[in-house]
Amino acid sequence: MSDTTLASSRAENASVSAWRVFSWKGWIGLILPVLLAVLLEWGVSVGWLEGRFTPPPSKIAATLGELIASGEWFRHALATGGRVALGFLFGAGAGIVLGTLSGAVPVIRRLIDPTIQALRAVPSIAWVPLFILWFGIFETSKITLIAVGVFFPVYLGVLGAVLSIDRKVIEVGRVFRLSKLETGRRILLPATLPALVTSLRAGLGLGWMFVVAAEIMGASEGLGFLLVDGQQVGRSDLIVSAILSFAFLGFLTDALLAAATRPFLRWRDDLSTTEKN
């Protein structure tokens with residue numbers, strides 16, 4: 001088989017694979033939410049569900065349309081997204097540094113890990129009065145609370161990844177007389193990168209959950225503010241619209257993070273990289 005024929009065959013296979021993904025794999029995840037929306041709309045229409053407390057999807061869509069058309073949705077989404085971004089940056093950075101040090105240096109691990117494990121069990125709401133007392137009700141307290149939520153899964157993921165590195169791999173680096181910098185770049189980083197990516201995604205998810213508690217502190221804008229506002233005025237459609245906005249933005253940012261880190265994990269040969277036809 002000539003190179004031209006081989007290249008043509010590969011291109012055809014790639015196009016067929018891409019069409020398969022576009023045709024059903026990329027959309028199969030919509031089946032469940034669409035089915036639930038249809039059932040909810042039908043349940044309200046026949047009177048099985050109370051529309052005032054369980055708003056139908058048509059009313060939720062109308063509320064979201066009004067928020068988007070007026071620009072309110074973008075204002076609140078940007079405020080919440082900015083807080084999550086800053087909290088994720090600080091929390092993930094601290095988790096990576098302390099997780100690496102704790103995993104690599106036994107003395108540091110014995111010193112700080114018991115305290116971190118104890119603090120990890122503290123509920124997010126429990127931090128709210130303390131952070132308000134320390135930082136007030138403005139942005140510092142909100143970002144700090146989000147950073148706390150992001151920190152723990154990142155720290156645990158990095159710590160576990162460092163501790164699980166096979167000693168034989170380190171010995172191979174010593175045999176080839178790699179420097180500490182080369183050992184870290186060529187051995188330690190690839191070995192810990194998959195767990196790091198997983199912990200970053202977990203931390204990002206907790207960041208979106210903690211931002212709700214952060215914005216309940218007294219924010220004047222943000223999706224958490226919409227939740228409180230909807231509760232105060234008795235609008236369940238506004239509450240559900242805010243919840244769906246959290247779900248959409250959380251899913252979107254997780255997908256972006258996964259896409260951004262995927263090129264660094266192409267060397268893996270496991271089930272996560274195996275295409276199912």
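Guide: In this predicted model, two residues are said to be in contact when heavy atoms of theirs lie within 4.5 Å of each other. By that rule, and leaving aside neighbours within four places in sequence, Leu-64 is in contact with Trp-73, Ser-241 and Ser-245.

Visitor: Where is Leu-64 found, and how far apart are the C-alpha atoms of Leu-64 and Ser-241?

Guide: Leu-64 is found in helix H3, and although Ser-241 stands 177 residues away from Leu-64 along the chain, their C-alpha atoms are separated by 6.2 Å. Across the protein, 73% of the contacts between residues at least 6 apart in sequence join residues that are at least 24 apart.

Visitor: What elements does the protein have, and in what order do they run?

Guide: The protein has 11 helices and 0 strands, so that from the N terminus on the elements run α-α-α-α-α-α-α-α-α-α-α.

Visitor: How do you know whether Asp-237 should be called buried or exposed?

Guide: Asp-237 has a relative accessible area of 5%, and buried means under 20%, so Asp-237 is called buried. Asp-237 is one of the buried residues of H11, among them also Leu-238, Ser-241, Ser-245 and Phe-246. Of the 277 residues of the protein, 32% count as buried.

Visitor: What makes Arg-235 and Asp-237 a salt bridge?

Guide: The closest N and O atoms of Asp-237 and Arg-235 are 3.0 Å apart, and a salt bridge asks for a side-chain nitrogen of Lys or Arg within 4 Å of a carboxyl oxygen of Asp or Glu, so the pair qualifies. Unlike Asp-237, which is buried, Arg-235 counts as partly exposed at 34% relative accessibility.

Visitor: How many salt bridges does the count come to, and which parts of the chain does the pair of Asp-254 and Arg-201 link?

Guide: The count comes to 6 salt bridges. In one of them, the closest N and O atoms of Asp-254 and Arg-201 are 2.7 Å apart, and this pair links distant parts of the chain, with Asp-254 in helix H11 and Arg-201 in helix H9, 53 residues apart.

Visitor: Why are Arg-75 and Glu-72 said to be separated by about one helical turn?

Guide: Arg-75 and Glu-72 are 3 residues apart in helix H4, which is why about one helical turn separates them. An α-helix has 3.6 residues a turn, so residues three or four places apart point the same way. The side chains of Arg-75 and Glu-72 meet in a salt bridge of 2.7 Å, N to O, and together with Glu-221 these two residues are linked in a network of salt bridges.

Visitor: What makes Leu-30 partly exposed, while Ile-216 is called exposed?

Guide: Partly exposed lies between the 20% and 50% limits, so Leu-30, at 42% relative accessibility, falls in that range, whereas Ile-216, with a relative accessible area of 51%, is over 50% and is called exposed. Leu-30 has its place in the loop between helix H1 (3-25) and helix H2 (31-45), and Ile-216 lies in the loop between H9 and H10.

Visitor: Which residues form a nonpolar patch on the surface?

Guide: Leu-30 forms this patch together with Trp-27, Val-34 and Val-38, and the four have about 400 Å² of accessible area together. The accessible surface of the protein comes to about 17200 Å², of which 69% belongs to carbon and sulfur atoms.

Visitor: Which residues touch the most other members in the largest nonpolar core?

Guide: That core has 43 residues, and Phe-88, Leu-145, Leu-200 and Trp-208 touch the most other members. Its largest share, 11 residues, comes from H7. Leu-145 touches, among others more than four places away in sequence, Trp-127, Val-128, Phe-131 and Phe-210. In soluble globular proteins, nonpolar side chains tend to be buried together.

Visitor: How do you know what span is expected of H11?

Guide: The expected span is 1.5 Å times one less than the number of residues, so for the 26 residues of H11 this gives 38 Å, and the helix reaches 38 Å from its first C-alpha to its last, close to that expectation.

Technical notes: Residues are numbered from 1 along each chain as its sequence is written. This is a predicted model: local features need pLDDT of at least 70, side-chain atom pairs count only at pLDDT 80 or more; totals for chains, interfaces and linings use all residues. Side-chain values use heavy atoms; hydrogens and water are left out. Helices (H or I, at least four residues) and strands (E, at least two) are DSSP runs, numbered from the N terminus. Buried means under 20% relative accessible area, exposed over 50%, partly exposed in between (1.4 Å probe, protein chains only). Accessible areas come from the Shrake-Rupley method with a 1.4 Å probe; for residues, only the protein chains shown count as cover. A nonpolar core is a set of buried Ala, Val, Leu, Ile, Met, Phe, Trp, Tyr and Cys residues joined through side-chain atoms within 4.5 Å. Patches are made of residues with over 30% relative accessible area and no salt bridge: like charges are joined within 9 Å, nonpolar side chains (Val, Leu, Ile, Met, Phe, Trp, Tyr) within 5 Å.
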